[in-house]
Amino acid sequence: MNGENVSLSEKIVSASYIRQGSQARRSHEQLIRRLLEQGKCPEEGWSESTIELFLSELAVMDSNNFLGNCGVGEREGRVASSLVARRHYRLIHGIGRSGDIAAVQPKAAGSSLLNKLTNSVVLDVLKLSGVRSAASCFVVPMATGMSLTLCFLTLRHRRPKARYIVWPRIDQKSCFKAMVTAGFQPVVIENILEGDELRTDLGAVERKIQELGAENVLCVHSTTSCFAPRVPDRSADSSPPGFRSAGWRELAAMCAEYDVPHVVNNAYGVQASKCMHLIEQ
């Protein structure tokens, strides 16, 4: 409620009561202002009332919620079920434009703002989780397989000659399907048994890159979070000293040496500080 409406309200209800209510509302607005200013994850979680207030104000900024608006264009946000509309706080129009999911949608200022803030907050969370060098990110409604496919297809533009993805084996179908769906040939590197653990065979990875030719390898596709007895792919802190002295390179360093991109499947790993710090290293 803006200042003018507050003044008008004081003519209807006792001014002291209205001021008290306005102060309570300002406490919500201050949280929203801080989010808009900083674009970072709040130190204390918001109450449901603050979240609903913010979402409602964003929703009225989208053209499908304009008073008197009748959306008849081919790309207008429309929904037949009021139940669905309420479930999504009437944020119906969607985000992105002309194939660019990060672009601002002119007809959906509120949804676009929410999208930008979401990406900013998630980037802050990733940095707080340990990957402080992260420069950007964006949130999409996809799980492991499709997210990996998107990464592989993006790399295709940078490495048009590449046909293979070198993949230290992990028994998860989503990883394998992602590579095939993107149109690449997975090259499976079998693990080696160390005690009761299955670990990445770094020597086999390097030999395969040399055999295929680095220019023909789209990327090395590694994994941080695995089901036992498989353990995360090697990094600085997880490689036993004996292997380093024997000439085994860390996976990331190997990719840098051969100028091969390194795609890390970090599904379920964001909440594990060990995984995040290994990625940062």
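Helices here are DSSP runs of type H or I with at least four residues, numbered from the N terminus. With that settled, load the predicted model and let us walk through it.

**Stop 1: S112.** Select S112, which is found in helix α5, residues 109–129. Is S112 buried or exposed? Its relative accessible area is 4%, and buried means under 20%, so S112 is buried. Now show the side chain of S112: it reaches the backbone nitrogen of Q105 at 2.9 Å. Add I95, V104 and Q105 to your selection, since S112 touches these three once residues up to four places away in sequence are set aside.

**Stop 2: the whole of α5.** Extend the selection to the full helix and place a distance label between its end C-alpha atoms. What span should you expect from 21 residues at 1.5 Å a residue? The expected figure is 30 Å, and the end C-alpha atoms are 30 Å apart, which agrees.

Next, colour the buried residues of α5: G110, S111, S112, N115, L117, N119, L123, D124, L126 and S129. To see what covers them, bring up α2 (15–38), α3 (48–59) and α11 (273–280), which are included in that cover. Just after the helix, click on G130, where phi is positive, near 135 degrees.

**Stop 3: the largest pocket.** Switch on a pocket or surface display. Rolling a probe the size of a water molecule over the atoms shows where empty space is left. The largest pocket holds about 1,500 Å³ of space. Its lining counts 32 residues, and the closest to the pocket centre are L126, S136, C137, C151 and V264. L126 may look familiar, as it is among the buried residues of α5.

Which elements give two or more residues to this lining? They are α5, α6 (144–158), β6 (262–265) and α11. Of the elements, α6 gives the most, with eight residues. Colour the lining by residue class and you should find 22 nonpolar, eight polar and two charged residues.

**Stop 4: the second largest pocket.** Move on to the second largest pocket, with a volume of about 400 Å³. Select H88, L91, I95, L114 and T118, the closest to its centre of the 15 lining residues. I95 is also one of the residues that S112 touches. Which element supplies the largest share of this lining? That is α5, with five residues. By class, the lining of this second pocket divides into eight nonpolar, six polar and one charged.

Technical notes
Residues are numbered from 1 along each chain as its sequence is written. This is a predicted model: local features need pLDDT of at least 70, side-chain atom pairs count only at pLDDT 80 or more; totals for chains, interfaces and linings use all residues. Side-chain values use heavy atoms; hydrogens and water are left out. Buried means under 20% relative accessible area, exposed over 50%, partly exposed in between (1.4 Å probe, protein chains only). A polar contact is a pair of N or O atoms within 3.5 Å; within protein, one must be able to donate a hydrogen and the other to accept it, and residues adjacent in sequence count only if both atoms are side-chain atoms. Contact means heavy atoms within 4.5 Å. The expected span of a helix is 1.5 Å times one less than its number of residues. On a 1 Å grid over the protein atoms alone, a cavity is a set of points where a 1.4 Å probe fits but cannot get out, and a pocket is an open set with protein on both sides within 12 Å along at least five of seven lines; lining residues have an atom within 4 Å of a point. Grid points are joined across faces, edges and corners, and a volume is the space filled by probe spheres set on the points. Ala, Val, Leu, Ile, Met, Phe, Trp, Tyr, Cys and Pro count as nonpolar, Asp, Glu, Lys and Arg as charged, and the others, Gly among them, as polar.
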